[in-house]
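Biologist: Please take a close look at how helices pack together in one part of this model, and walk me through it as you would at the bench.

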Amino acid sequence: MFQSYETRSEPEKGPARLAALRKQMVTEGLQGFIVPRADVHQGEYVTERDARLGWLTGFQGSAGFCVSLEDTAGVFIDGRYTVQVKSQVDLEHFTPVAWPVNHAGDWINEQASQKAVVGFDPWLHTLADVEKTDAILGRGGRSLRACENLIDRIWVDQPSAPQVKAFAHPVEFAGETHAQKRSRMAQILHEAGEDHAVITLPDSICWLLNIRGHDVNHNPIVQALAILHSDGCVDLFAHPEKLVDVQDHLGDDVTCHPQDDFAKALAQLGGTVRVDPATAPFAVASVLEATGSEISRNPDPCILPKAIKNEVELEGMRQAHLRDGAAMAEFLCWLSDEAPKGGQSEISIAQKLEGFRRATNALYDISFETISATGPHAPICHYRVTENTNLPVESGQVLLVDSGGQYKDGTTDITRTVAVGAVGLEEKQCFTRVLQGMIALSRARWPAGLSGRDLDPIARYPIWLAGHDFDHGTGHGVGAFLSVHEGPARISKVSEIPLEPGMILSNEPGYYREGKFGIRIENLVAVQQAGALAGADARDMLDFETLTFTPIDRNMIIVEMLSEGEKSWLNAYHAKTYALLADVVSEATQNWLMDACAAL
């Protein structure tokens, strides 16, 4: 589907909705209620029906929550949304709270009345989050109470749940049948002494069963719930209308049920049941404990195997990136001609880019809403342009475009920051430092067993040297024709998941000057076994294969700041970019590529 540019944030309605919520709190005898961004599936992406946080507060970010107390309400946001939240919520009624620096439990203990009871919907919070928050509240004499969702009571025009039909993801793209995957996952349960596993993440279920859908914009997922058994059979819970076209694909070992039957099925399981505390709703554990099942706290069995792409998936991602790189080259060629003339806007830029991707005749959808941000909007990390915020793209500004495509053989995510006309020295210096960080991580070589936390400083070091930093992770995992943000691995200060060959991650350091300009450069990379080095120790070493090939704006680079190694890497990158793309783009773009990819 095409990107929409309608305004969704309604901060002017927030105060009335907050007042209605507080009336329901009084009715329930509560002194607080938590409204998360999450849905029952605990994924990052939610449908319009589940966008409760945005409906209440106006905040449209992809992560966060609101804690409504009797006389204050905190909107908890991470560093990506520090700027954005200020423009989307009514600051007289909602207070932004830095998170996870501040935990909800500590904030409630400081703000809530003595012996306050805070309500929560047990289907919308993970087991781990509830237990941690309740323990913190207990130390302050306060507590949590599971209750009905109070937002659903007052949201009178709440949209219906999507019922889009699922479709099979063929083995030519998956590289493995769902029978083979189910057998592998069942072996994991068997080795752990578990009889069943509850799986609530839609991308895990889609990966396991080789199905895809369109329940959430720009992510080819089917919203469903599942129970995997140690014999490899699966009980799948979803609205029946979604599954009519995949019954034959699923076969006899996958039994389909209405989603409303999920809780009843949990109650009938018995035995030892794997529950992922980080992703499963608190309600799942509550039902299992109440009916005598033994809970085994272990990760979703699919989450790591899904992240480690097989050779078929890796090759599909390579092909998707070449196709996407050609579309990006056509776009950047057009942009270099048209942007300096004036008459373009953030929306027209995003629309033009989407058009180039659709011209490939292979695009299933864009992989997220394009971030087309110029001037003061570029420091808003996840800025979403609307008809109300749309700015003209003017000469002398820095334009940041973060975008991607969903193709049936792979998912892309790329950011390029470009100069429109002549830009200032400071912008170029900041850009060059960010480029140095991206190059440093691209060239990294490390002993197997290290995690994203260990590699994150490599990309930040050139930026730190100038006294700067950025308030988001350096990289996130990416699915194969699945969610553009995929766990469990990340390149960030907090990720402890060891990186393994086959994992695909983004490499996207940045720098943001609030109200002035923003810079980010992003390629996707795949973890691989590093090649042998003469005279090196016999260690298991890993490095990155770059998947993204699109020119980096040479007009933004201060060449004198780069080392010989950095220049050599960039020249080699641009030479390969030209070699891969020149024969699959238009003549005009081929000529532009020759200049864009020229050696420094």
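Modeller: Happy to; I will follow one helix and its two partners, then point out a few backbone details.

The model is predicted, so local features need pLDDT of at least 70 and side-chain atom pairs count only at pLDDT 80 or more, while totals for chains, interfaces and linings use all residues. Residues are numbered from 1 along each chain as its sequence is written, and side-chain values use heavy atoms, with hydrogens and water left out.

Let's start with helix H18, residues 564–581. (Helices are DSSP runs of H or I with at least four residues, strands are E runs of at least two, and both are numbered from the N terminus.) One partner is helix H19, residues 587–596. The axes of H18 and H19 come within 9 Å and cross at roughly 170°; here an axis is a line fitted to C-alpha atoms over the stretch in contact, and angles run from 0 to 180 degrees between N-to-C directions. That angle makes H18 roughly antiparallel to H19 (over 145 degrees; under 35 is roughly parallel, 65 to 115 roughly perpendicular and the rest oblique). The crossing of H18 with H19 is left-handed, meaning the near helix is turned anticlockwise from the far one by less than a right angle.

Which residues of H18 and H19 meet? From H18 come His574, Tyr578 and Leu581, and from H19 come Gln590, Leu593, Met594 and Ala596, where contact means heavy atoms within 4.5 Å. This contact has five nonpolar residues, two polar and no charged. (Ala, Val, Leu, Ile, Met, Phe, Trp, Tyr, Cys and Pro count as nonpolar, Asp, Glu, Lys and Arg as charged, and the others, Gly among them, as polar.)

Now for the other partner. Helix H16, residues 425–442, packs on H18 at about 80°, with the axes 10 Å apart. H16 and H18 are therefore roughly perpendicular to each other. H16 brings Leu435, Gln436, Met438, Ile439 and Ser442 to the contact, and H18 brings Glu566, Trp569 and Leu570. By class, the contact of H16 with H18 holds five nonpolar, two polar and one charged residues.

Finally, the backbone. Most residues other than glycine have a negative phi, and most peptide bonds are trans. Gly487 and Pro488 are joined by a cis peptide bond, with omega about 0°, and Pro488 sits in strand E23, residues 486–491. Another cis bond links Trp99 to Pro100, with omega about 10°. Lys115, though not a glycine, has a positive phi of about 60°.
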